Structure formats: structure tokens, C-alpha cells
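Trainee: I should like a close look at a single part of this structure, namely its sheets. Please describe how the strands are arranged.

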Amino acid sequence: MALEVCEMKEDWTSCNGNGRLKESGRGDPRHWPPTRRQFLVGGAVSSIWWFSKGSALADLAIQKGKPSDTEVLVNIFLRGGADGLSIVAPFGEDGYHRLRPTLRLASPKNRQADVSNRLIDLDGFFGLNPNLSALLPLYRSGNLSFIHAVGSLDQSRSHFEAMSAMERGLADNHGSVASGWLARYLAVGPVDNRSPLRAVAFSQVMPDSLRGATHATAISSLADYKLVPPLSGSQDAFTKSLSSMYAAKKDEIAEAGMETLDVLKTLNNLDPAKELPHHNARYPNGELGEALRQIAFLVRANVGLEIACVDKGGWDTHFVQGAGNGLMAGILRELGGALSAFWQDLGRETRRVTVCIQTEFGRRVYENQSLGTDHGRGSVMLVLGQTLKCDRVLGVWPGLEEHQLEGPGDLRVTTDYRTVLSEILDKRLRCEPAAIFPGFKPQYLGLMDHAF
């Protein structure tokens with residue numbers, strides 16, 4: 001099979017058919033003494049953070065206040081096209097076993113198969129990949145739902161176009177809307193929140209879903225952000241100077257500046273790098289686990305976080321994808337372990353946190369000659385939250401027989417990804433979905449039985 005070269009957005013990934021994603025950054029942020037205007041325009045406001053004094057977390061003054069009621073949405077994007085048929089496999093479908101002779105996982109009923117290569121029964125038809133076993137308690141406790149055969153209407157099977165459509169909240173990539181769907185939510189959401197940490201993307205670049213947002217920050221790690229004075233000044237003097245400058249004004253820029261300094265004041269006693277996860281949670285090594293650990297830190301700190309975005313690459317498995325073992329198995333273990341630890345770490349804060357995991361498209365139903373899978377259509381979405389409908393895998397299953405497939409052999413999309421996002425917006429974030437996805441009329445899946 002010839003190598004497939006995909007035109008990609010360089011900031012996110014490049015696909016050359018080798019089953020991996022190549023990520024590229026934009027270099028280290030430059031520290032400079034800002035003017036009043038520069039301090040708050042565009043991404044500059046995102047560059048003003050705190051410096052650590054190494055204080056004990058037990059002295060957090062913020063914990064003296066009432067618990068926050070602000071809902072938090074964590075959006076995890078699996079970039080590269082995650083194979084939904086490996087994440088949640090239809091072991092009750094003959095076509096699954098027939099079309100994937102080396103990539104298939106054994107039925108839960110097959111007790112002769114090794115446990116590392118045997119699916120975990122979810123509802124008698126679908127099985128969970130054994131490398132995601134850490135998620136099983138969340139599913140059984142009613143905190144995790146799977147939605148299958150989900151995707152957009154984009155037919156390009158291009159990473160760039162499919163991601164662009166989803167992040168802008170469109171049916172496909174031909175719409176004229178430029179802003180991201182999360183940016184639109186921040187513009188019309190029910191919460192009056194001017195915190196500079198209202199929306200945080202743990203990424204080297206701002207995701208398109210937040211394009212156009214005025215209260216969004218893109219960071220690689222909380223440790224990278226602190227208040228940096230001019231070379232000739234001290235931190236205390238710089239802080240006092242900024243405070244005096246903004247206190248003397250009454251415009252929106254001054255208000256935003258004071259809001260930022262208030263957050264700095266609150267966080268001066270925190271040291272996110274040294275805080276241990278709560279409730280004995282143990283995150284796996286890797287960028288995903290570290291990002292979720294820091295998000296849990298921000299949720300507990302009550303600094304105004306509403307939206308957190310995280311990317312997880314590595315899903316472009318054209319070659320040697322593997323079943324219970326192989327390239328995909330490792331990233332599935334990391335995903336499952338990180339999500340499980342995050343939920344445990346949050347403790348009682350899970351009452352106001354919803355996690356949505358999505359990918360731009362799925363993979364071809366049949367395996368290729370390189371023991372991998374090529375770009376396809378339908379995949380699976382995961383939603384983590386309290387009191388979800390988790391007694392079965394949701395969505396309309398289209399089947400895997402030849403006459404039921406789409407295009408060159410892909411799982412048909414029967415649920416528009418915006419349906420899932422709309423129900424989250426409506427029932428968890430208390431936002432009218434029509435304001436975020438104009439012209440789209442979702443038919444809810446019953447993911448959430450009631451509003452919170």
C-alpha cells in the first residue's frame with residue numbers, strides 16, 4: 001500500500017501514513033515588559049500568570065469560600081482519527097470479526113482467549129477494549145457513556161477539513177462560520193465570568209474551537225506561566241505598578257487588568273507543580289495525564305475555569321495498529337488511566353464537571369495490508385459526568401455488512417456529533433444550543449435524563 005500523504009494543519013499534526021502524529025510547536029514564549037495596552041490585547045492577557053512562593057497548599061485561602069457552582073466542560077480531542085471500532089467493538093456483529101482478521105478483539109464470551117485480547121462486555125453487543133479497563137467502574141457507576149457511529153457530515157476524510165468542521169461546530173468544512181463553537185458558547189453562556197482563566201487550552205496553539213474567544217489561554221503547562229517583570233524590576237514592584245495603573249482607569253481594559261491581578265493574588269500561595277492529586281489518584285505518565293492533573297487543580301482552585309481543552313495525538317494508525325497489544329493499545333491505556341485518575345482526583349467536584357471526548361473521524365472497517373486501518377467516517381464519542389444514561393451504548397447502530405457501509409467501506413455516521421454537544425450545552429451548561437449551532441435541530445439521545 002502506498003504511503004498516504006495528508007495535507008494537515010502544521011500546528012496540530014502531520015500525517016504520512018506511519019501511524020503516528022508529528023506535533024510541532026511555535027517556539028518558547030517571549031517575555032517582555034508590556035505597555036498598558038499590550039498587557040491585555042489578544043493573547044497578552046494570557047501571558048500574565050503567577051509566581052510561586054512555595055507555600056503549603058494547606059494554607060489555601062481560597063478554600064475558605066463557598067464551593068463554586070460554575071459548570072466546567074473538559075473537551076478532549078483525539079487527533080488523528082481514533083478507531084472507534086477498537087475503542088468500543090461490536091463483538092455481536094459478524095462483519096467485525098470477518099473484516100478484521102488480525103485487528104479484532106475476542107468476544108467476552110470466548111473464555112479461551114487471553115484477557116489482554118478479550119473485550120469487556122458492556123451491553124451484550126458492544127465490548128470495551130481491555131486497555132480501557134480503568135473506565136469500566138465509571139461506566140457501571142453511571143458516570144460514563146459511549147455514543148457510537150457518531151461523526152460529522154464531512155466526506156473529505158481529511159484530518160484538516162474534518163477537524164476544522166468539528167471545531168467550528170459545522171456539518172462540514174464548507175460553512176462560512178469562522179469562530180469556534182466553544183468561543184461562541186463563551187460569548188453567550190449564562191455565566192458572567194471575566195476571569196482570565198475562563199477557558200484554558202493545554203496546547204502549544206489555541207484550538208480552533210476557541211477561535212474568537214476573548215477569555216481564552218493556550219498554555220503547555222501552568223509552570224510556564226508566571227508574572228515576569230522587566231529585567232530591571234522586582235516582581236513586587238511590577239505588581240504594585242500594574243495595580244496602580246489599572247486602578248486609575250475605569251474602562252474595560254482596566255477592569256480586565258484588575259481581574260487578572262486578582263487571580264494572581266489568589267494564586268500567589270499556590271504551587272501547582274507540587275500539589276499531589278487528591279483521593280490517592282495516580283495519573284499515568286504522559287502529557288494527557290499531566291494536563292488533566294492541572295485541570296483538576298484549576299477546578300478545585302475556583303479561579304473561574306469554565307472550559308478546558310486538551311489534545312491527545314497518535315491515533316492515525318495506518319500501520320501495525322494492533323488489537324490487545326500494539327501501537328493503539330498503549331495510547332488507550334494512557335487515555336483510560338488518565339480519565340480514571342482525573343475523576344478520582346476531583347472528588348466532590350465531579351458534580352459540576354463534564355468531560356467530552358471526540359475525534360475528527362473513525363477508521364475504515366476492514367484492515368489494510370499493513371495491519372492498520374485507513375481514514376474512515378463514523379467513530380465513537382465518550383461523555384463523562386454525573387448521572388448519565390449508561391446501561392447501553394447509545395446511538396443508532398448501522399451495521400457492518402457491505403450494503404450497510406458508506407463509501408469505500410466505512411462505518412456509517414448515524415449521529416451528528418453536534419447532537420451530543422447540544423445535549424451537554426442544554427442540560428449541563430444551561431445554554432441554548434441553537435445559539436451555538438445555528439440551523440441545527442438535534443434529536444437528543446437521552447444521554448442525560450434531566451438538567452442539572
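Mentor: What follows is an account of the sheets, with a short view of the chain around them. This is a predicted model, in which local features need pLDDT of at least 70 and side-chain atom pairs count only at pLDDT 80 or more, while totals for chains, interfaces and linings use all residues. Residues are numbered from 1 along each chain as its sequence is written, and side-chain values use heavy atoms, with hydrogens and water left out.

The chain holds 11 helices and 11 strands; these are DSSP runs numbered from the N terminus, helices being H or I of at least four residues and strands E of at least two. An open sheet of 8 strands follows the order β7-β6-β8-β1-β9-β10-β5-β11, with mixed pairing; two strands pair if DSSP finds at least two bridges between them. At its edges are β7 (216–219) and β11 (415–416), each pairing on one side only. Within this sheet, β9 (residues 353–359) and β10 (residues 379–384) are antiparallel over 3 bridges, and I357 has L382 in β10 as its bridge partner.

An open sheet of 3 strands has the order β2-β4-β3 and antiparallel pairing. Because β2 (88–89) and β3 (120–121) are edge strands with a single partner strand each, one side of each has no neighbour in the sheet. The antiparallel pairing of β2 with β4 (residues 127–128) extends over 2 bridges, and A89 stands opposite G127 in β4.

As for the whole chain, 57% of its 452 residues count as buried, meaning under 20% relative accessible area with a 1.4 Å probe, protein chains only.

Conventions. Buried means under 20% relative accessible area, exposed over 50%, partly exposed in between (1.4 Å probe, protein chains only).
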